[in-house]
Structures are given as structure tokens and as C-alpha cells.
Amino acid sequence: MSPRTPVARIAATSRYLPERVLTNADLEDMVDTSDAWIRERTGIRERRIADDDTGAAAMGAQAACGALQKAGLSARDVDLLIVSTATPDRLLPTTSCAIQAMIGASRCFAYDLQAACTGFLYALTMAEGQIASGRAENVLIVSTEKMSTIVDWDDRATCILFGDGAGAAVVQPSTNGEGILSSYHSSDGSLAELITRPAGGAALALTPERLRRREHMLQMSGPAVFKAAVKAMAGASAKAMQAAGLEADDIDLLVPHQANARIIEATARYARVPMDRVFVNLHRYGNISSATIPVGLDEAVEQGRIGPGSHILMAAFGAGLTWGAMAMRW
Ligand code: ACO
């Protein structure tokens, strides 16, 4: 397959992380765990937690405004707003419409996309398609997650992993060959039970009994998810690189979903990208679900690790199961 000519590029990124820091030492006071166990098994040292009155839309709006400003756009220039979130402020209406109203993006159409931790990559593909069809020129993607509201704070196997935050990207038509070179996405709904919030939707309405059993909280089979994540992210990365005509040596930076340092290291090993060309910030933020990649891109640009012409590879994995990878020339 010959590499395709890019039609869409990321023109600007931004991020919002709440100020409040929850350290591993803080978690030692909440559940039976230790800083050493968390660092050794996950690589996480601390995560950010949003205030009670700051929802996913409020965090997303902050990130959105930053990205628009860097792109030199006003909110009224946005044609399409896609919000990826696993933690919508309400079940109805969407978080994207809430963000639309908050930032004044009055000309766009807006929708939510739910693909758990893979949401940003799926959203980029949706944006690329709308740009290719000529339906949109300025697409704003916001990935915003308030994981602290769905985590069971009594479950030491999951509550240590997650944090809150938001990332945003402005996607526009490519001009000089920069942009998305390839993407590979997949999902497998037969493995839904590996990461799930069983109750609270249309299938299992909330009842006092289900609330008591915490069935509305995130449940995860950690070791099974771990194995599936490595296989999926490594496989998708290989396919995306091949479709883009890139070898591991061509990749200037791998920006993987930040769930566990050992998953990142294994993915990089399979992709043959050395760790000094892998972006890692999960020690500071934990797993912010779909926000990890846009937050990572924004920090990497700020640190000078991504610049014009850089070849980057992104790979993600999450509940669904969903996964994917994308190669891009910046
Ligand atoms: N502190 C201390 N001990 C713990 C903790 C903790 N926080 N959590 C679990 N343990 C114990 C377990 O009880 C178990 O004890 P036992 O041997 O006496 O039974 C032991 O540690 C080992 O537990 P495992 O679950 O086998 O530990 P593992 O090395 O697999 O690490 C982890 C667990 C970190 C969750 C890992 O499996 C993982 O990262 N999985 C992937 C998670 C992921 O990628 N999620 C992404 C998708 S999330 C989304 O889409 C929203």
C-alpha cells in the first residue's frame, strides 16, 4: 500500500490539568497500597483531581480555548466540535454541546464520541473524514475526562491508576504534505467485560441495590487488560507505520496512551522505538483516558520534542475494547 497524501493536520494543541495533586502517599491513607507498589507496577507517582464543581465540559472548555488561541481562530470559526469522553457531565444532552455553549462556538455542529481511552485517535479520524469531504475546515477536538467521578475509591486495583484533565487539538486541511499519513483502528465488543461500568445506562438502570454494590463504578480485569493492551497497541503501531511507509528509525516520537509504564515500554519494544524517543508523562498525571495523547502532544511540542516535519506515531487502547494507531508528519 503506498502512503496517502495527507488531507488533515493538527494545527494547534492545548491542555488543562486541575491544580489539585493526589500523590501515591495520599493514596496510602485511603486504601491498602504503597507508593513503592504503585511506582513499580504502573510508573505513576501522582495524578490531578478536579474540584467537585468542575466537570468534564469546564475542563474541556479551558483546553479548547487554549488550542483556538494558538491556532489564531475564534470560537465562531469552528465548523465541527468533536468531544471524546468516557465521563460526560450528563447522559443527555452531550458534553460537546455544553462546551459549544461555554466557548461560544455558535456556528458549528457538535457531537460526543465514546471510545474510552482511544477516543482522541478515533476523533482525529472523524475530523480527517469531514475535512476530506469538504464539510469542515476547522475541526476542534476536545478530549476531557473526570475519571475521579467513576473510579471506585475503595478499589485499590483501579483507583490508583486514573486522573482528571483535558486536551484539545485544532485540525485543519493539510497544506504542505504535513498531517495524518496513516491510521489503523479496531474494536472488539466481545471483550466488553474486561473494562466496564455495568449499571447506570439503559440496560441496568440505577437501583439502590446496584448503587450499594457499586455497579455504576469502573470495574477492570487488570492483568487481562494489560496483555490485550500490549498486543493491540503493538499490532496497530506496526500496521500504521507500514501503511505510512515508515520504519522505526523514521519515528521521531512515539506518543502512546499513558496507562502503565510497562505497557508503554512493551509497545515501544515491539515497535522497535527506543525509549528516548517515547513520550511519557504518566508519572505526573496517571491515566486520563482519551486525554492522555492530546495532553502528551501539547507537552511534547512545548518541550521541543515535536516540531515541523517531525514524524510521530500515536497508539491507544481502551474499554470496548477499542484500539488504534496513527502516523503523522507534524
Ligand atoms: N496496591 C498494592 N497491591 C495491589 C494493588 C495496589 N494498588 N492493586 C492490586 N494489588 C495486589 C493484588 O491484589 C494482587 O495481590 P495477590 O497476588 O495477593 O492476589 C497483586 O497486587 C497483583 O495484582 P495484579 O492485578 O496481578 O497486578 P498487575 O501487575 O497486573 O498490575 C495493574 C495491576 C496495574 C492494574 C495492571 O494490570 C494494569 O496496568 N493493567 C492495565 C490497565 C489499563 O491499561 N487500563 C487501560 C484501559 S482503562 C480505560 O479504558 C478506561
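These legends accompany several close-up views of a predicted model. Residues are numbered from 1 along each chain as its sequence is written, and side-chain values use heavy atoms, leaving out hydrogens and water. Because the model is predicted, local features need pLDDT of at least 70 and side-chain atom pairs count only at pLDDT 80 or more, while totals for chains, interfaces and linings use all residues.

**View 1. Domain 1 meets domain 2.** Here we look at domain 1 (8-176) and domain 2 (180-329), with bounds from an automatic or database domain assignment. Their contact (heavy atoms within 4.5 Å) takes 49 residues from domain 1 and 45 residues from domain 2. The C-alpha centres of the two domains are 14 Å apart. About 3800 Å² is buried between them, 59% of it given by carbon and sulfur atoms; buried area is the accessible area (1.4 Å probe) lost by two parts on being put together, summed over both. On the domain 1 side, R15, C117 and L121 lose the most area to domain 2, together 18% of what that side buries.

**View 2. A salt bridge joins R15 and E299.** The side chains of R15 and E299 come to 3.5 Å, N to O. The rule (a side-chain nitrogen of Lys or Arg within 4 Å of a carboxyl oxygen of Asp or Glu) finds 6 salt bridges across the interface of domain 1 and domain 2.

**View 3. F109 and Y111 form a tilted aromatic pair.** Ring centres of Phe, Tyr and Trp (its six-membered ring) must lie within 6.5 Å to pair; planes under 30 degrees apart are stacked, over 60 edge-to-face, and the rest tilted. The count is 1 aromatic pair, with F109 and Y111 at 6.5 Å centre to centre and 35° between the planes.
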